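Reader: I would like a close look at one part of this model, with the surroundings filled in afterwards. Please keep it plain.

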Amino acid sequence: MDGFNDRKMLVSLYAAAHQVKTNAVEPSFVRIGHLVESFDNPIRKVISDVENMSIASQLSYVIMALKPAIDAYLATETLRRNNMLNPTDEAGGLALPVRQPLSLQHPKQFLHSEMQDADQYMLWTVYVGIACPELLLREDRQFLTLFNTVSRQYLTVPVFRDQQLSVHQVNEELAKWFPPRNYKIRPPADLKNLKNLFKEEAKEATLLCGRAHAERRSYLRGEMANLVALFSDTPGLIAPKFPMVLTALAMAKAELLWYFAHKTTHTTKAVGKFLREDDYDDPYISSLIGLQVQFRSIPFRSVPFRSAAEFRSRVPPP
């Protein structure tokens, strides 16, 4: 994990400085030293701790419940076709609140509320796959399929503050020892060696994730520009269409964070030759930042309260 060795050095320097100043060893240093040494391989330590908690089934259940939202988030063209961020398609219902279902199979989940958090759903899928790799060995392959799909969207994921985790380097290291001999789960024959699977996943991510995110940023730029123009001309629509505003801002924030995290990223040596710098360079990135600023410049404070009463009077009671 990036910066972990630096933190070990800082702990040692602090203990040495304390001993020079007080002529005594820091009382807690031995305990802290053992803790630091136990995290010499932090990923392996996390895997061991999670395995001891026996929560694999619960984690799998939660992540698989997020799959419909993740699938919808990744289908940029479908979002465009369904006018997720385009209220003008509603014609006579333009002044009504947004209540678009996630899908026909999930009518009780609302599309916009799910899309606001879908990027976090994807990150947690990666975290769970790394911390609980036994889920990758299950015969139904549902979690494995979802993990592979989501991992192809990243070369690196955030861990803490500015610390980043190289997804495919971690997977490459994991494949060297997992699953160990006599493991409690007997994996299918083709999953006993995860190396080839992760290598192909890293190659596809290196080739395609930059383009996929560029397409999503292009979609957001177009739709956010239209929303800014619409709300500037008709501010009374802000309140009933406010879920669209929140969704656009959340998705744009996720894309901006992804973009700048991947500007200086690296992939595994085996697939580094497939990395194209142009796929991670967007000359229009400032436009997306500017659209976020324009969203905030629209007078949100006064308009929603005035227009909320306006459209409530037009909506028949349930």
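Where does Pro179 lie?

Author: This is a predicted model, and what follows should be read as such. Pro179 sits in the loop between α9, residues 167-175, and α10. The peptide bond that leads into Pro179 from Phe178 is cis, and its omega is near 0 degrees.

After that loop comes the helix α10, which spans residues 195-233. A second helix, α11, covers residues 242-261, and the axes of α10 and α11 come within 10 Å of each other. The two axes cross at roughly 145 degrees, and the crossing is left-handed. On the α10 side, the residues in contact are Cys209, Gly210, His213, Arg216, Arg217, Leu220, Met224, Leu227 and Phe231. They meet Met244, Val245, Ala248, Leu249, Met251, Ala252, Glu255, Trp258 and Tyr259 of α11. By character, the residues of this contact divide into 13 nonpolar, two polar and three charged.

Another loop with a backbone detail is the one between α1 and α2 (29-38), where Asn23 is found. Phi of Asn23 is near 60 degrees, a positive value in a residue that is not glycine. The helix α1 itself runs over residues 4-22 and includes Met9. Together with Leu10 and Leu13, Met9 forms a nonpolar patch on the surface. The accessible area of these three residues together is about 330 Å².

Charged pairs remain to be described. Side chains of opposite charge can pair when their charged atoms come close. The structure holds 12 salt bridges. One of the salt bridges joins Lys67 to Asp71, with the closest N and O atoms 2.7 Å apart. Both partners, Lys67 and Asp71, belong to helix α5, residues 67-74. Lys67 and Asp71 are four residues apart, which is about one turn of the helix.

To return to the request: Pro179 is in the loop between α9 and α10, and the bond from Phe178 to Pro179 is cis.

Technical notes:
Residues are numbered from 1 along each chain as its sequence is written. This is a predicted model: local features need pLDDT of at least 70, side-chain atom pairs count only at pLDDT 80 or more; totals for chains, interfaces and linings use all residues. Side-chain values use heavy atoms; hydrogens and water are left out. Axes are lines fitted to C-alpha atoms, for helices over the stretch in contact, and angles run from 0 to 180 degrees between N-to-C directions. Helices (H or I, at least four residues) and strands (E, at least two) are DSSP runs, numbered from the N terminus. A crossing is left-handed if the near helix is turned anticlockwise from the far one by less than a right angle, and right-handed if clockwise. Contact means heavy atoms within 4.5 Å. Ala, Val, Leu, Ile, Met, Phe, Trp, Tyr, Cys and Pro count as nonpolar, Asp, Glu, Lys and Arg as charged, and the others, Gly among them, as polar. Patches are made of residues with over 30% relative accessible area and no salt bridge: like charges are joined within 9 Å, nonpolar side chains (Val, Leu, Ile, Met, Phe, Trp, Tyr) within 5 Å. Accessible areas come from the Shrake-Rupley method with a 1.4 Å probe; for residues, only the protein chains shown count as cover. A salt bridge is a side-chain nitrogen of Lys or Arg within 4 Å of a carboxyl oxygen of Asp or Glu.
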